[in-house]
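Work through the exercises below with the sequence and the model side by side. Each task is followed by a solution in steps.

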Amino acid sequence: MNELQQKIYNRLARYVSFDTTSSPASTVVPSTDAQISFAHQLAAEMKKIGITEVEVDEYGFVTGLIPATTDKKAPVIGFFAHMDTVSDYNGHDIHPVLHENYTGGPLTINAAKKMILNEQNAASLAKCIGDTIVTADGNTLLGADDKLGISIIMTLAEHLLAHPEIAHGPLKVAFTIDEETGTGIGYFDVKKFAADFAYTVDGANLGDIDCGNFNADAVTLHITGKSCHPGSAKGFMANPVRIAADIISSWPEHKLPETTDGEDGFILFKDITGSLEKAEVQGIVREHSLDKFARFKQDLLNLVEKKRAKYPAAKIEVEFKEQYRNMRDILRARPQAMELLEQSLKENNVPYKLTQARGGTDGAQMTFKGLPTPNIFAGYENPHGPYEWCSLNWAEKALHVLESIAKNAVK
């Protein structure tokens, strides 16, 4: 492990000690107080290494400036990563484990639990022979999504500030809230940030570049029933729990996350609560094509209409809430961010592929707010669970790509 990798790892290990799990059920911004606490820790570190104009705003976004080291014309470039971790799996008391000089084959995460990374559950691990790998200890997620991104950006900032002879234009840094819930970036002030374009460092494998993404809505089904004694329920009762189950089971099998890949869309019904009085089903709608996306939502509305006819005593309402949209078309119309990125990937001998992410990043919403923001790899795999792992060699590659972008933007 070289010096840069050591610095990235030291930061990662320190950052994941902060439990910044976000909450999709919260009604406050940010969704958890821990994100604010972590934001102030990052702000203090940013000031210490020499980043200027450091601010934590009312929502918890952390921003700062790495001043230009040249008078030559250059765009203002932003680098983003998010502070929160997903609520799908335990994100507190994280203990990262170093596996230096990986020699290939299965990699044990937790022997007692028989948790092993192998070619079935870690498809990219075979590409990392000789690398330094980081996992958690089998009891938590790792939090590389996206504290590895923060570690890369902070280590890059420290490196550039220590070497003013490296010519670059003004670079903005931002660490964001509630990315995992899809709600935080809507509060980010793009105009105040004042960058020409930006990059989120929140991708997975080496060379993965997300220049498009799902169109995304949250969907909630509100079902109000009619309750009575079950002994005299015939012709009267409308059971919201049964109606919810009927709707979920009636959605087509070929339009689910577990039956789709590539650019195929889906609806995921992920949470259900209910009683004989009312039930609520929460889900997400995802599709790359905006036309197909609209059809997906209409298909669900048509299905619900059929269930209204089947259960006339019940009230069934459907609520869609916009989360983000596909940034592909805007990045094509404003190509500077992608041109610089591809140039820098080639210079650093990083084989890459341009992907349509089966998910979303903060960059999708920022792109639609006027700040073109593709997403680059940080170097992790299997996020959101205990089999999450990362390569510090990949993380270092990401750092060098960002540095090249900064240098190549100077005219």
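The crossing of H3 and H10 is right-handed. The model shown is predicted, and the exercises start from this pair of helices.

**Exercise 1. Helix pairs**

Task: State how H3 and H10 are oriented to each other, and find the handedness of the crossing.

Solution.
Step 1. Locate helix H10 at residues 392–408; the axes of H3 and H10 cross at roughly 50° and come within 10 Å.
Step 2. Angles under 35 degrees would count as roughly parallel and 65 to 115 as roughly perpendicular, so H3 is oblique to H10.
Step 3. The handedness has been given above: right-handed.

Task: Do the same for H1 and H3.

Solution.
Step 1. Helix H1 covers residues 3–15 and helix H3 residues 144–162; their axes cross at roughly 130° and come within 9 Å.
Step 2. This angle makes H1 oblique to H3.
Step 3. The crossing in which H1 passes H3 is right-handed.

Task: Describe the packing of H5 and H6.

Solution.
Step 1. Helix H5 spans residues 240–250, and helix H6 spans residues 290–310.
Step 2. Their axes lie 10 Å apart, at an angle of about 140°.
Step 3. Roughly antiparallel would require an angle over 145 degrees, so H5 and H6 are oblique to each other.
Step 4. H5 and H6 cross in a right-handed way.

**Exercise 2. Peptide bonds and phi angles**

Task: Where does the cis peptide bond at proline 30 sit, and what is its omega?

Solution.
Step 1. Most residues other than glycine have a negative phi, and most peptide bonds are trans.
Step 2. The bond that joins valine 29 and proline 30 is cis, with omega about -5°.
Step 3. Proline 30 belongs to the loop between H1 and helix H2, which runs over 33–49.

Task: Place the cis bond that leads into aspartate 146.

Solution.
Step 1. From aspartate 145 to aspartate 146 the peptide bond is cis, and omega is near 10°.
Step 2. Aspartate 146 is part of helix H3.

Task: For lysine 114 and asparagine 382, give phi, location and exposure.

Solution.
Step 1. Lysine 114 has a positive phi, near 55°, and is a residue other than glycine.
Step 2. Lysine 114 sits in the loop between strand E5 (107–110) and E6.
Step 3. The relative accessible area of lysine 114 is 71%, and the cut-off for exposed is over 50%, so lysine 114 is exposed.
Step 4. Asparagine 382, also other than glycine, has phi near 60°, a positive value.
Step 5. The loop that holds asparagine 382 lies between strand E17 (380–381) and strand E18 (389–391).
Step 6. With 23% relative accessibility, asparagine 382 is partly exposed, because buried would require under 20%.

**Exercise 3. The second largest pocket**

Task: What volume does the second largest pocket have, and which residues are closest to its centre?

Solution.
Step 1. The second largest pocket holds about 280 Å³ of space.
Step 2. Its lining has 15 residues, and Glu55, Thr63, Asp189, Lys192 and Phe193 are the closest to its centre.
Step 3. At least two lining residues come from each of strand E1 (52–56), strand E2 (62–66) and helix H4 (190–193).
Step 4. E2 gives the largest share of the lining, three residues.
Step 5. By type, the lining of the second largest pocket has seven charged, six nonpolar and two polar residues.

**Exercise 4. Exposed residues and distances**

Task: For glutamate 53, aspartate 93 and alanine 126, find the location, the exposure and one C-alpha distance.

Solution.
Step 1. Glutamate 53 lies in strand E1 and is exposed at 58% relative accessibility.
Step 2. Between the C-alpha atoms of glutamate 53 and alanine 122 there are 41 Å, while the two are 69 residues apart in sequence.
Step 3. Aspartate 93 belongs to the loop between strand E3 (77–82) and strand E4 (97–99); its relative accessible area of 56% makes it exposed.
Step 4. Aspartate 93 and serine 26 are 22 Å apart, C-alpha to C-alpha, and 67 residues apart in sequence.
Step 5. Alanine 126 is in the loop between strand E6 (115–117) and strand E7 (133–135), and at 60% relative accessibility alanine 126 is exposed.
Step 6. From alanine 126 to arginine 332, 206 residues apart along the chain, the C-alpha separation is 34 Å.

Technical notes:
Residues numbered from 1 in each chain as written. Predicted model: local features only at pLDDT ≥ 70, side-chain atom pairs only at ≥ 80, totals over all residues. Heavy atoms only, no water. Helix = DSSP H or I, 4+ residues; strand = E, 2+ residues; numbered from the N terminus. Buried < 20%, exposed > 50% of the residue type's maximum accessible area, 1.4 Å probe, protein only. 1 Å grid on protein atoms, 1.4 Å probe; cavity = no way out; pocket = protein on both sides within 12 Å on 5 of 7 lines; lining within 4 Å. Points joined across faces, edges and corners; volume = space filled by probe spheres on them. Nonpolar A, V, L, I, M, F, W, Y, C, P; charged D, E, K, R; others polar. Axes fitted to C-alpha atoms, helices over the stretch in contact; angles between N-to-C directions. Left-handed = near helix turned anticlockwise from the far one by under 90°.
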